[in-house]
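Open the model in your viewer and keep the selection panel at hand. The tour goes from the ligand to its surroundings and then to the cavity.

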Amino acid sequence: MLKIEGLSKARGLLRRTTLLVASLLVLVSCSRDSDTTVLKMAHALPTDHPVHEAIVFLGKRVAELSDGKMQVDIYPGGQLGSERELMELLQIGSLAMTKVSSSPMESFVPEMKVFSMPYVFRDNDHYWAVLNSDIGRDLLEAGESVRLRGLGYYDAGARSFYTVDKPIHKPADLKGLKIRVQKSQTSIKMVNALGGAGTPVSFGELYTALDQGVVDGAENNPPSFESSRHYEVAKYYTLNEHTYVPDIVLISSYVWNNLTEQEQIWLQQAMDESVVFQRDLWAQATEDALDVVRNAGVEVIYPDKTPFAEKVKAMHDSIKGQPAYDLIQTIRTMEAE
Ligand code: GCU
């Protein structure tokens, strides 16, 4: 009995200490002098990526809407850590905001794996219909339970394979190849199901990993393949479009709860406007990126997607009984926008 009381006292103390540390850290991630609330936002993408442009737009709109009372300071290019690390910083309140891919988010919110499951979405319009539906909204809110509040989605198009030495025309071509994936179990399983070896590496380390032969290839959307300059090393790009994995802007729940109601309204409005802005940029950025890589000598391959989809069919049955399985069944019945 005594032991249990001691344990619950210790737990109580730990909880209070954690809360105290978190509130102190909130002061660091979100400083508020008498006139301005400054939110620190970090992400992993380069500054010429359309998602970074959207985040700059978001910051500009926040400043405009709040008449300078609120400001977003942006730290791009992974300088504050990998996406997983950035989410952990948000959880303890030592960073206010981040933009991550929904793939690594599945370790925090299991339902997010719907986005890393291959061949769920028929095309970009179907994917946006889902993001804008109750399912999309519920998934954004699901992060609240782990102190990661979703503010909105950015388009990240479809992801496809790129390889250094060997062109991929069909799944059998992936056999024995080490393919870099994000830190997501579902992505690892997908590559393995296709015959390759899914290998998680952080985005910031991938150029070197490709260059030094640590991995034989990777997979991403055209703007990311181009702006990361991975195409300088990987000369084959196979548009098999296995997944549509949206980007997500997150704010630490600690920080969100410390904002005034008015600040929350400004931030959410700026976010919603930046989603529209970014979606407009995306299609053009995808075309431009394909032009750049082609001009740099990359062979862009348009394979038959059916054998890829066939190979990963069993993955869908393997998650029967999990909430993501039921979500996918509903998603499949949904109309495009
Ligand atoms: C996309 C996504 C990034 C992510 C990257 C990756 O570019 O927008 O958020 O870091 O993929 O593969 O790691």
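Select the shell around the ligand: by class it holds 2 nonpolar, 4 polar and 5 charged residues. Here Ala, Val, Leu, Ile, Met, Phe, Trp, Tyr, Cys and Pro count as nonpolar, Asp, Glu, Lys and Arg as charged, and the others, Gly among them, as polar. The model is predicted: local features need pLDDT of at least 70 and side-chain atom pairs pLDDT 80 or more, while totals for chains, interfaces and linings use all residues. Residues are numbered from 1 along each chain as its sequence is written, and side-chain values use heavy atoms, without hydrogens and water.

The residues to pick are L45, E83, K99, S101, R159, R180, Q182, F203, N220, S224 and D247, each with a heavy atom within 4 Å of the ligand. Colour by domain next: domain 1 (2-106 + 135-155 + 246-287) and domain 2 (158-244 + 304-332) each give at least three residues to this shell; the bounds come from an automatic or database domain assignment.

Now show polar contacts (pairs of N or O atoms within 3.5 Å). A polar side-chain atom of K99 is 2.5 Å from a ligand oxygen. For R180, a side-chain N or O atom lies 2.7 Å from an oxygen atom of the ligand, and for Q182 the distance from a polar side-chain atom to a ligand oxygen is 3.4 Å. The protein covers 98% of the 310 Å² of accessible area that the ligand has on its own (Shrake-Rupley method, 1.4 Å probe).

Last, select S103, S116, R159, Q182, S187, M190, E219, T243 and V245, which line the largest cavity (on a 1 Å grid over the protein atoms alone, points where a 1.4 Å probe fits but cannot get out; lining residues have an atom within 4 Å of a point).

Key. A polar contact is a pair of N or O atoms within 3.5 Å; within protein, one must be able to donate a hydrogen and the other to accept it, and residues adjacent in sequence count only if both atoms are side-chain atoms. On a 1 Å grid over the protein atoms alone, a cavity is a set of points where a 1.4 Å probe fits but cannot get out, and a pocket is an open set with protein on both sides within 12 Å along at least five of seven lines; lining residues have an atom within 4 Å of a point.
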